[in-house]
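Subject: Structure handover

Hi,

Here is the structure I promised to pass on. Please open it first, then read my notes below.

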Amino acid sequence: MAIFDKFQHLAATRQALADSGIDSIHVVMDNIVSPTEAVANGRNMILAGTNNYLGLTFDPMCIDAACDAARAEGTGTTGSRVANGSYSGHVELERELADFFGFRGVIVFSTGYVANLGMLSTLTNPGDVLLIDSDCHASIYDGCRLSGADIIRFRHNNVDDLEKRLRRLGERSANTLIVVEGIYSMLGDRAPLADIVDLKRRYGAYLLVDEAHSLGVLGDRGRGCAEEAGVIEDVDFIVGTFSKSLGAIGGYCASNHPELDLMRYASRPYVFTASPSPSIVASTRAALKILCSRPDLRSRLWQNAQRLYQRLQELGFVLGPEPSPIVAVRLESKEQALALWLGLLDRGVYVNLVLPPATPDGGCLLRCSVSAGHSREQIDTICEAFESFQSWEQTAQIA
Ligand code: PMP
């Protein structure tokens, strides 16, 4: 049993949660009704924690494209592109993404997690430096670890702290990759990209931006935070995922550096895993077309985001620093978070329960994510559910 000893504390925590009726993995979605509704554990739920920002998971064009591709090319590629070759859809998707970003090249990976793992571990090696925002996603941390480079964290969104660390690095700044996110996944705040780009230029470093939560969400053409900040050409590598605004699964890296293509031979998380299946590639391509041709979805998303943020703020909840499609409700204790999460489920609203160590500052969060697919009425229902727990005495009673 020795190798399992280390899991004992986890088993105890899980059991304590299960005893209080909480286990988010075991909330079974019996029936997914639409991008924003499901029947879960036998009751109707509004889904407010999906990252389905544009609500495209049920789009008929995406579904038809996926079905046609599966019929024409089969259900899976059954191997890596290095071993089995590329399907024409992989190549076309990469070209379409490169055109969309206005970048020279794109590599498609099997997930967003793998995109970060593949890029970070290959771009930097022992002797190089990774300067990462302390709130970065686990996939960034894991990719950094795999690289063997020196990892230095700077304080979240703190440009002065970043500059201090770049200054200290001296000549090593030329071997430094700065890593940030566009919109941060937990609190929904944005990176100050114009300032970060200014620093990376002055110190001769490189910059990778993970736009997982900002693709389709920010920028005139939906290209993300770098587009919104007017610095897209200055970003060395944009990484992202197909699993949020594009409603599928997969990841990518876009870059103007011609060396990007060499990653296909050097990046183990690219070489040694199966490439995305034809249906995924086809639905992603259809979703990208919709993202480009339907700016109204972005406007709708932001109307919903502003409405939820404003209403919850008026109700006195402590939220993330700025309105965004990720609305994080901060809670004082694990007990409060658990009680509120269960109470919302009971009222037919599903949000993400996020407890330490997954939270940025060790706090507890209920993380809502808003979709263009939410109706105004659904947003109001979510707000009303929160409103019924406005007073913590009430929340304590259901704990
Ligand atoms: N980067 C960020 C910032 C994320 O939030 C996530 C997923 N939540 C990923 C990467 C990984 O994406 P995927 O789920 O597509 O693997």
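The side chains of His 213 and Tyr 53 make a polar contact of 2.7 Å. Please keep in mind that this is a predicted model. His 213 sits in the loop between β8 (206–210) and α9 (225–228). Its relative accessible area is 7%, so His 213 is buried. Leaving out residues up to four places away in sequence, His 213 touches Asn 51, Tyr 53, Ile 183, Ser 185, Lys 244, Ile 326 and Arg 367.

**Domains and their interface**

The protein splits into domain 1 (5–58 + 295–398) and domain 2 (60–293). Their C-alpha centres are 27 Å apart. Domain 1 brings 26 residues to the contact, and domain 2 brings 28 residues. About 2,200 Å² is buried between domain 1 and domain 2. Carbon and sulfur atoms give 60% of that area.

Which three residues of domain 1 supply more of the area it buries against domain 2 than any other three? They are Leu 56, Arg 298 and Glu 322, with 26%.

Glu 322 also pairs with Arg 190: their side chains meet in a salt bridge (3.2 Å, N to O). The count between domain 1 and domain 2 is one salt bridge. Polar contacts across the interface come to seven residue pairs, both residues at pLDDT 80 or more. On the side of domain 1 that touches domain 2, α13 (295–314), β12 (326–331) and β15 (364–369) each supply at least two residues. The largest share there is five residues, from α13.

**Asp 133**

Look next at Asp 133, in strand β5 (residues 129–133). Asp 133 is buried but has no salt bridge. How far away is the nearest side chain of opposite charge? That side chain is Arg 153, at 8.3 Å. A salt bridge needs nitrogen and oxygen within 4 Å, so that distance does not qualify.

Asp 133 does have polar partners. Its side chain makes a polar contact of 2.8 Å with the side chain of His 156. A polar atom of the Asp 133 side chain also lies 2.7 Å from the backbone nitrogen of Asn 157. Neighbours within four places in sequence aside, the contacts of Asp 133 include Tyr 141, Phe 154, Arg 155, Val 179, Val 180 and Tyr 184.

**Salt bridges**

Side chains of opposite charge can pair when their charged atoms come close. The structure holds 23 salt bridges. Here are some to check on screen.

- Arg 285 and Glu 92: the side chains meet at 2.8 Å, N to O. This pair links distant parts of the chain, 193 residues apart. Arg 285 is in helix α12 (residues 278–293), and Glu 92 is in helix α4 (residues 88–101). Arg 285 has a relative accessible area of 19%, so it is buried. Glu 92, at 34%, is partly exposed.
- Glu 94 and Arg 264: the side chains meet at 3.0 Å, N to O. This pair also links distant parts of the chain, 170 residues apart. Glu 94 is in helix α4, and Arg 264 is in helix α10 (residues 263–266). Glu 94 counts as buried because its relative accessibility is 7%. Arg 264 counts as buried too, at 13%.
- Arg 202 and Asp 198: the closest N and O atoms are 3.5 Å apart. Both residues lie in helix α8 (residues 193–203), four residues apart, about one turn of the helix. Asp 198 is partly exposed, with a relative accessible area of 37%.

There is a network as well. Arg 81, Glu 94, Asp 261 and Arg 264 are joined into one by salt bridges that share partners.

**Thr 75**

One last spot. Thr 75 lies in the loop between α2 (60–73) and α3 (81–84). Is Thr 75 buried or exposed? Its relative accessibility is 72%, so Thr 75 counts as exposed. Thr 75 and Pro 278 are 203 residues apart in sequence, yet 6.8 Å apart in space, C-alpha to C-alpha. With neighbours within four places in sequence left aside, Thr 75 is in contact with Ala 70, Ser 277 and Pro 278.

Best wishes

Technical notes
Residues are numbered from 1 along each chain as its sequence is written. This is a predicted model: local features need pLDDT of at least 70, side-chain atom pairs count only at pLDDT 80 or more; totals for chains, interfaces and linings use all residues. Side-chain values use heavy atoms; hydrogens and water are left out. Buried means under 20% relative accessible area, exposed over 50%, partly exposed in between (1.4 Å probe, protein chains only). Lys and Arg count as positive and Asp and Glu as negative; His and the chain ends are not counted. A polar contact is a pair of N or O atoms within 3.5 Å; within protein, one must be able to donate a hydrogen and the other to accept it, and residues adjacent in sequence count only if both atoms are side-chain atoms. Contact means heavy atoms within 4.5 Å. Domain bounds come from an automatic or database domain assignment. Buried area is the accessible area (1.4 Å probe) that two parts lose on being put together, summed over both.
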